[in-house]
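Here is a brief report on a predicted model. It covers one residue in its setting, then the packing of nonpolar side chains.

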Amino acid sequence: MAQELASELRNAPGLRISTYDTDEDARTALRRVELDAVVLMPAGLDADVRAGRSVTVRVLVEPSGSAGHGAVSSVSAVVAVVAEHTARLQAAPPLPFW
């Protein structure tokens, strides 16, 4: 999991973050409308971004849920944090290779 991005999401105003052991656990919570949205971060996200590789961060929303506006606000906040995080990683000098 991308620890740096997870930390930034935890500190983002307006977001309440929960961590799940598996993607399926998170999807189940979303289906039960316990959440507005789920962010699925691939393993190695930070290293891939630093290396200039394309990375997909999936944001899932339950369309039949009653979250409505909350889901839109959550997704907008997540997109902003992910964009800032990616820009910062791409601008950072490469890590030393030993």
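## Ala-47

Ala-47 is partly exposed, with a relative accessible area of 47%. That value lies between the cut-offs, because buried means under 20% and exposed means over 50%.

Ala-47 sits in helix α3. Its C-alpha atom is 9.0 Å from that of Leu-89, although 42 residues separate the two along the chain.

## Nonpolar cores

The largest nonpolar core numbers 12 residues. Leucines in it are Leu-5, Leu-9, Leu-15, Leu-45 and Leu-89. Valines are Val-49, Val-78, Val-81 and Val-82. Ala-6, Ala-12 and Met-41 complete the set.

Which helices each supply at least two residues of this core? They are α1 (3-11), α3 (45-50) and α4 (69-91). The top contributor is α4, which gives 4 residues.

There is also a second, separate core. This one has 6 residues, including Ala-26, Leu-30, Leu-35 and Leu-40.

## The two sides of α1

Helix α1 buries Leu-5, Ala-6 and Leu-9. Viewed down the axis of α1, the buried residues fall within an arc of 100 degrees, so they line one face of the helix. An α-helix has 3.6 residues a turn, so residues three or four places apart point the same way.

Which residues are exposed on the other side of α1? Gln-3 and Asn-11 are exposed there. Leu-5, Ala-6 and Leu-9, by contrast, belong to the largest nonpolar core.

Conventions:
Residues are numbered from 1 along each chain as its sequence is written. This is a predicted model: local features need pLDDT of at least 70, side-chain atom pairs count only at pLDDT 80 or more; totals for chains, interfaces and linings use all residues. Side-chain values use heavy atoms; hydrogens and water are left out. A nonpolar core is a set of buried Ala, Val, Leu, Ile, Met, Phe, Trp, Tyr and Cys residues joined through side-chain atoms within 4.5 Å. Buried means under 20% relative accessible area, exposed over 50%, partly exposed in between (1.4 Å probe, protein chains only). The arc is that of the directions from the helix axis to the C-beta atoms.
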